[in-house]
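Here is a friendly tour of one protein model. Have the sequence and the 3D view at hand as you read.

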Amino acid sequence: RMPGVSRSRGRRVARVILCVAVVLSWWTPARSAVMSPLMAGLLRRVRTCGDGLELEKKALPMLVPGIGELGRVLPRAASQLSRFPDVFSVGPRSVEIIAGATVSERSEAVGGVLNQLRGEGCVPMLQGWRNELWPVKASFDGPVELVIERAAGPLLGVRGFGCHVNGVVEGKPEKLWVGRRAATKPTYPRKLDHVVAGGLAHGEKARENVIKECAEEASIPRELAVLARSAGLVSYTQMDESEWGLKRDLLFCYDLQLPPNFVPTASDGEVESFCLWTVPEVLDSLAADNDDWKPNVALVIIDLLVRRGYLEPDDRGYVELVQSLRQ
């Protein structure tokens with residue numbers, strides 16, 4: 001008994017000391033350990049693909065009167081658009097598309113501006129012109145409000161939608177088909193990629209896109225392609241390679257189990273080669289300090305690794321990693 005302390009109070013003090021001791025014993029070095037190199041490497045991939053989040057806050061909202069916001073425009077892009085006051089009204093707080101009362105009229109007016117900028121060569125990203133029509137919507141389920149050239153999507157900071165397919169081969173260890181992008185690709189040439197991936201063109205459904213891209217990019221027959229299973233989505237805001245715009249993309253993830261004896265074959269010139277990797281090899285490469293992977297491909301594969309149990313909540317950084325896959 002402590003001098004000058006009653007027995008009841010002494011017991012309360014003893015209980016408090018005991019509780020503190022239990023808490024301190026629970027907080028072991030293992031629980032407070034620094035993040036593993038593997039998790040740190042995966043988070044680096046995710047942050048690379050989300051490097052446009054802070055810039056997005058400084059970008060001007062691109063508005064259509066009576067409709068609302070359709071994009072986010074960086075200051076240097078807004079400066080170019082201000083040269084066309086009959087189409088764009090550029091102010092200190094927003095960029096408004098004022099030309100055209102209908103979707104077709106609006107699209108024609110904006111398309112004329114983009115074509116002129118392309119011809120002048122003053123906007124680098126437009127040199128990767130694809131002749132692919134891109135639907136611009138406030139949300140995936142919303143109506144199409146504008147149709148533009150795909151290469152101009154980041155310039156206007158519009159939301160893009162696409163499908164990525166994980167080509168999985170079951171076994172021990174599990175394997176994943178990895179493609180290498182062709183050297184002629186306008187974005188991320190020769191980077192590692194999925195077996196199949198593609199953006200959703202104007203009027204195209206996600207399932208249609210998967211089946212079409214399977215045939216075009218990897219010669220995967222329809223009877224196999226239809227077996228691709230929807231597995232969720234990832235989203236991100238990334239600075240465009242040219243630093244003129246923002247990629248604000250939402251990607252639908254698919255898993256396609258491929259037979260062990262099936263070998264994908266490039267057929268449209270967009271892929272240089274395919275290679276079958278074990279999932280641990282993919283994981284090690286993603287965690288390593290290299291620039292081998294197309295950034296958004298890393299996100300989709302990390303999502304696969306989470307879903308299939310290669311990463312677990314006890315791995316320090318797990319919650320931050322999973323939450324950052326959907327920005």
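## A buried acid in a strand

This is a predicted model, and a good place to begin is Glu149, which sits in strand β6 (residues 146–149). Glu149 is buried but forms no salt bridge. Arg130 carries the nearest side chain of opposite charge, 5.6 Å away, whereas a salt bridge calls for a distance within 4 Å.

The side chain of Glu149 does make a polar contact of 3.4 Å with that of Trp129. Leaving aside residues up to four places away in sequence, Glu149 touches Trp129, Arg130, Asn131, Glu132 and Trp134.

## Two nonpolar cores

The largest nonpolar core has 33 residues, and those touching the most other members are Leu42, Val282, Leu286, Trp293, Ile301, Leu311 and Leu321. Elements that each supply at least two residues include α2 (37–49), β8 (175–181), β11 (229–239) and α9 (279–287). Helix α10 gives the largest share, nine residues.

Another core, of 31 residues, lies apart from this one; among its members are Leu60, Val73, Val95 and Leu155.

## Helix α7 and its surroundings

Helix α7 (residues 206–218) has 13 residues, so at 1.5 Å a residue it should span 18 Å; its end C-alpha atoms are 17 Å apart, in agreement.

Among the buried residues of α7 are Ala206, Val210, Ile211, Glu213 and Glu217. The buried residues of this helix pack against β7 (159–169), β10 (196–199), α8 (222–225), β12 and β13 (271–278). After α7 comes Ser219, with a positive phi near 55°.

Definitions and conventions. Residues numbered from 1 in each chain as written. Predicted model: local features only at pLDDT ≥ 70, side-chain atom pairs only at ≥ 80, totals over all residues. Heavy atoms only, no water. Helix = DSSP H or I, 4+ residues; strand = E, 2+ residues; numbered from the N terminus. Buried < 20%, exposed > 50% of the residue type's maximum accessible area, 1.4 Å probe, protein only. Lys, Arg positive; Asp, Glu negative; His and termini not counted. Polar contact = N/O pair within 3.5 Å; in protein donor to acceptor, adjacent residues only side chain to side chain. Contact = heavy atoms within 4.5 Å. Core = buried A, V, L, I, M, F, W, Y, C linked by side-chain atoms within 4.5 Å. Expected span 1.5 Å × (residues − 1).
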